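Colleague: Could you take a close look at one part of this model for me? I'd like to hear about a single strand residue and the strand packed around it.

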Amino acid sequence: MASVTPTGLTHRLRDIQTLTDAALSRLDDHDLLSELLDRTRAILQADTAAVLLLDPSAGQLLATAAAGLEEEVRQGVRIPLGRGFAGRIAAEGRPVILDHVDHSTVLNPILLRKGIRALMGVPLIAAGKVIGVLHVGSLTDRVFTSDDLELLELAADRAAAAVASLMAQENRIAAEALQRSLLPAALPQDGEAELAVRYVPGQGLVGGDWYDVFTLPSGQLGVVIGDVTGSGLPAAVIMGRMRSALRAYALDTSDPAEVLARLDAKVQHFEPGALATVAYAVFDQDLERVRICLAGHFPPVIASSGHPAALADVPPGLLIGAVPGAKRRVATIDISPGTVLCFFTDGLVERRGQLIDDALTRLSQVVTAEPPEDVCSTVMGAMVGSEPALDDTALLVFRRQPSVPRQP
């Protein structure tokens with residue numbers, strides 16, 4: 001192995017410092033990635049540098065950022081996992097160096113049209129998983145060395161951190177926007193139905209909590225609350241699809257069990273592996289009765305004047321997506337004037353170090369047959385307080401308007 005001269009060592013230390021420069025951390029992730037590609041190309045005296053990110057669901061790499069190879073990004077180049085130069089790096093999770101570039105070694109025709117003669121690429125790895133590929137190319141014949149490879153891997157580590165941060169931010173922003181667009185902007189306040197809600201995103205990634213309230217063509221009132229397992233944009237997307245599907249099925253039948261059975265079949269077929277808890281309630285037009293069906297969800301807390309609040313007696317059911325053809329059962333509950341039903345997701349009652357039964361008992365103790373806005377304020381104060389929640393929390397309170405005493 002050849003010894004490194006003092007001048008060579010100085011240059012190498014300078015190159016490492018360029019890639020690990022603390023000033024890069026002050027850039028936002030988009031700018032950091034762009035600057036990092038420029039620096040990588042300059043340090044390695046390469047003509048091109050590019051980042052392709054992995055889309056696991058499609059099994060493809062998508063050209064995302066480039067320096068000297070911008071057409072890859074502008075033309076939306078996609079490389080199948082396992083095929084071609086970049087596809088091989090991502091599939092095998094290891095570096096690849098090509099001293100000769102032709103149709104047998106690369107899949108992307110842009111690389112050939114560009115006249116690239118040599119390529120070196122490494123995987124982008126975050127949390128132990130390949131999330132993309134970083135590669136550099138030369139328009140002249142050249143042999144990339146092990147020292148070159150070490151510098152590219154250093155740049156890849158920095159790029160992977162930036163990409164992971166960027167993807168997390170974009171997923172959260174998109175998930176939050178999707179959730180806001182799908183939650184009802186206003187609640188029906190017709191007749192004797194009084195409604196109030198609270199929705200608070202958790203401190204972690206946004207999840208798939210949702211609630212919905214709608215009036216059916218029959219005049220009946222539908223109330224939904226649910227929680228898709230998982231977090232971030234994938235959970236929010238599935239939530240949106242489930243919400244839309246449930247609304248469509250609700251137009252076909254007023255039977256809550258049938259609606260959830262159809263929703264379950266839809267998820268089993270089109271969203272394999274997805275799981276969700278859902279509670280669906282259909283109130284008669286006169287609000288004297290409600291029919292409730294549960295799919296792995298908590299029953300609502302019910303409170304009426306002169307009686308202690310308690311979890312409604314509703315038969316449990318399996319989660320949506322758990323078992324094909326699961327039987328769904330419905331409970332019919334009489335609702336006297338002034339009765340309150342408090343629907344909620346698990347973010348309200350699940351806390352580290354606290355038994356769920358204790359939390360449910362506490363919730364029942366604070367729900368009263370008061371106006372829904374008052375109930376929401378009391379419940380959130382007692383159950384959440386000033387503690388940061390790790391999970392999303394959705395709370396929906398219904399009350400049948402109390403009877404107005406007759407004047408003597």
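Modeller: Happy to. Let's start with V223, which is found in strand 9 (residues 221–228); strands here are DSSP runs (E, at least two residues), numbered from the N terminus. A word on the basis: this is a predicted model, where local features need pLDDT of at least 70, side-chain atom pairs count only at pLDDT 80 or more, and totals for chains, interfaces and linings use all residues. Residues are numbered from 1 along each chain as its sequence is written, and side-chain values use heavy atoms, with hydrogens and water left out.

V223 is buried, with a relative accessible area of 1%; buried means under 20%, using a 1.4 Å probe and protein chains only. Leaving aside residues up to four places away in sequence, V223 touches D212, V213, A279, Y280, A281, F283, F343 and L396, a contact being heavy atoms within 4.5 Å. L396 is 173 residues from V223 along the chain, yet their C-alpha atoms are separated by 8.9 Å.

L396 leads us to strand 16 (residues 393–400), where eight of the eight residues are buried, so this strand is largely enclosed by the rest of the structure. L396 points the same way as A394, F398 and R400, while T393, L395, V397 and R399 point the other way.

Strand 16 also has paired neighbours; two strands pair if DSSP finds at least two bridges between them. Strand 7 (residues 193–200) runs antiparallel to strand 16 and is joined to it by eight bridges, with A193 partnering R400. Strand 15 (residues 340–344) is antiparallel to strand 16 too, through five bridges, and there C342 stands opposite V397.

Notes. Helices (H or I, at least four residues) and strands (E, at least two) are DSSP runs, numbered from the N terminus. Buried means under 20% relative accessible area, exposed over 50%, partly exposed in between (1.4 Å probe, protein chains only).
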